[in-house]
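Thank you for making time this morning. I would like to walk you through one model, element by element, and I suggest that you keep the picture in view while I talk.

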Amino acid sequence: MHIKIVNPNTTRAMTDKIGDCARSVAGPGTLVEAVSPQMGPASIESHYDEALSVPGLLEEIARGEEAGVDGYVIACFGDPGLDAARELASGPVLGIAEAAMHTASFLGRGFSVVTTLGRTRGRAWELAERYGMQRFCLGVHACEIAVLDLDRDPDAVKVITEACRAALDRDGSDAIVLGCAGMADLCAVISAELGVPVVDGVAAATLMVQSLVTLGLRTGARGEFAAPLPKKYTGLLEDFGR
């Protein structure tokens with residue numbers, strides 16, 4: 001089985017970490033390929049960043065189709081380009097926010113999301129509504145650490161852990177969802193410190209895609225998620241015509 005993890009930003013060090021986290025849970029015989037697009041933002045922290053990350057993401061999905069990839073994970077908590085990727089892919093495609101929220105809903109009455117910058121909280125709430133998770137998502141909180149500073153700030157783990165502690169107390173939640181792929185390696189240490197389940201969407205989505213492929217399931221393509229209609233694209237998007 002070949003699963004492709006696409007980090008929609010172009011920061012290779014983060015992609016390498018994401019790939020390591022995905023491989024740590026993937027089953028025997030599953031090849032996990034982690035990639036960054038050749039074009040796009042260095043990090044995704046706004047609607048503008050998210051919009052401009054999608055062409056590079058879709059280019060990687062198209063390459064995966066040429067290489068016979070079985071399933072995909074979009075490794076950004078905004079789940080950018082998820083619907084479009086499902087139109088292109090012959091196998092299942094999951095976003096990490098989608099996977100993390102559903103996984104956390106199995107672990108108690110409710111969960112809290114702890115993300116990076118406060119300006120991204122609205123997007124997390126929007127996704128919780130889209131995925132039917134309003135009942136379970138009890139709060140979305142920011143640690144106010146920029147994505148690229150997650151590995152640069154020596155106090156990042158402490159700050160994130162304390163933000164998780166405060167979220168649990170404020171929301172009365174039973175679990176934490178880490179709201180950034182750049183936090184993928186922090187689950188064990190935060191869970192040990194706080195004594196609650198901590199869910200990383202990269203690991204959750206990898207295992208869900210693996211399960212869907214094993215079950216022979218993919219996105220239904222009779223209507224909305226059928227392949228895009230062939231048409232001409234111009235300018236910078238010329239190569240995206242089908």
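Before anything else, one term: when I call a residue buried, I mean that its relative accessible area is under 20%, and when I call a residue exposed, I mean over 50%. Please also keep in mind that this is a predicted model.

With that term in hand, let me begin at helix H5, which covers residues 121-130. Which residues of H5 are buried? They are Ala124, Leu127 and Ala128. If you look down the axis of H5, these buried residues fall within an arc of 105°, so they line one face of the helix. Among the elements that cover the buried residues of H5 are helix H4, residues 96-105, and strand E6. Just after H5 comes Gly132, which takes a positive phi of about 70°.

H5 leads us to a sheet, so to speak, and I will describe that sheet next. It is an open sheet of four strands, in the order E6-E5-E7-E8, with parallel pairing. The edge strands, each pairing on one side only, are E6, at residues 137-142, and E8, at residues 198-200. On average, and with direction ignored, neighbouring strands of this sheet are turned by 25° against each other. Helix H5 packs on the sheet, where it touches strand E5, residues 111-115, as well as E6, and the direction of H5 makes about 160° with that of E6.

Staying with the sheet, strand E7, which is residues 175-178, runs parallel to E8 and is joined to E8 by three bridges. Within that pairing, Leu178 has Asp200 in E8 as its bridge partner. Leu178 deserves a second look: leaving aside neighbours within four places in sequence, its contacts include Phe77, Val114, Ile160, Met183, Val198 and Val199. The largest nonpolar core has 73 residues, and Leu178 is one of those that touch the most other members, together with Ile5, Phe77, Phe111, Ile160 and Ile176.

Ile5 gives me a way over to another group of strands. Ile5 stands opposite Ala34 in strand E2, and the two strands concerned, E1 at residues 2-6 and E2 at residues 31-35, run parallel and are joined by five bridges. Together with helix H1, residues 12-25, strands E1 and E2 make a right-handed β-α-β unit. E1 also pairs with E3 in the parallel sense, over four bridges, and there the bridge partner of Val6 is Ile74 in E3.

How do the side chains of strand E3, residues 71-74, divide between two directions? Gly71 and Val73 point one way, Tyr72 and Ile74 point the other way, and all are buried. E3 is also joined to strand E4, residues 93-95, by three bridges, and these two strands run parallel; Tyr72 has Val93 in E4 as its bridge partner. A right-handed β-α-β unit is made here as well, from E3, helix H3 at residues 82-88, and E4.

Two loop residues have a backbone angle that I would like you to notice. Asp79 lies in the loop between E3 and H3, and its phi is near 50°, a positive value in a residue other than glycine. Glu144 lies in the loop between E6 and helix H6, the latter being residues 156-171, and the phi of Glu144 is near 60°, again positive in a residue other than glycine. Are these two residues buried or exposed? Asp79 counts as buried because its relative accessibility is 3%, whereas Glu144, at 54%, counts as exposed.

Finally, let me turn to helix H8, residues 201-214, where we find Val202. Val202 is buried, with a relative accessible area of 0%. Setting aside neighbours within four places in sequence, Val202 is in contact with Ile18, Ala22, Ala75, Ile96, Ala181 and Ala184. Val202 and Val73 are 129 residues apart in sequence, yet their C-alpha atoms are 7.6 Å apart in space. In the segment after H8 we come to Thr219, which is buried at a relative accessible area of 15%. Not counting residues up to four places away in sequence, Thr219 touches Arg86, Pro92 and Phe225.

That is the end of my tour, and I am glad to go back to any part of it.

Definitions and conventions: Residues numbered from 1 in each chain as written. Predicted model: local features only at pLDDT ≥ 70, side-chain atom pairs only at ≥ 80, totals over all residues. Heavy atoms only, no water. Pairing = 2+ DSSP bridges. Axes fitted to C-alpha atoms, helices over the stretch in contact; angles between N-to-C directions. Contact = heavy atoms within 4.5 Å. Buried < 20%, exposed > 50% of the residue type's maximum accessible area, 1.4 Å probe, protein only. Arc of directions from axis to C-beta. Right-handed = clockwise from strand over helix to strand, strands pointing away. Core = buried A, V, L, I, M, F, W, Y, C linked by side-chain atoms within 4.5 Å.
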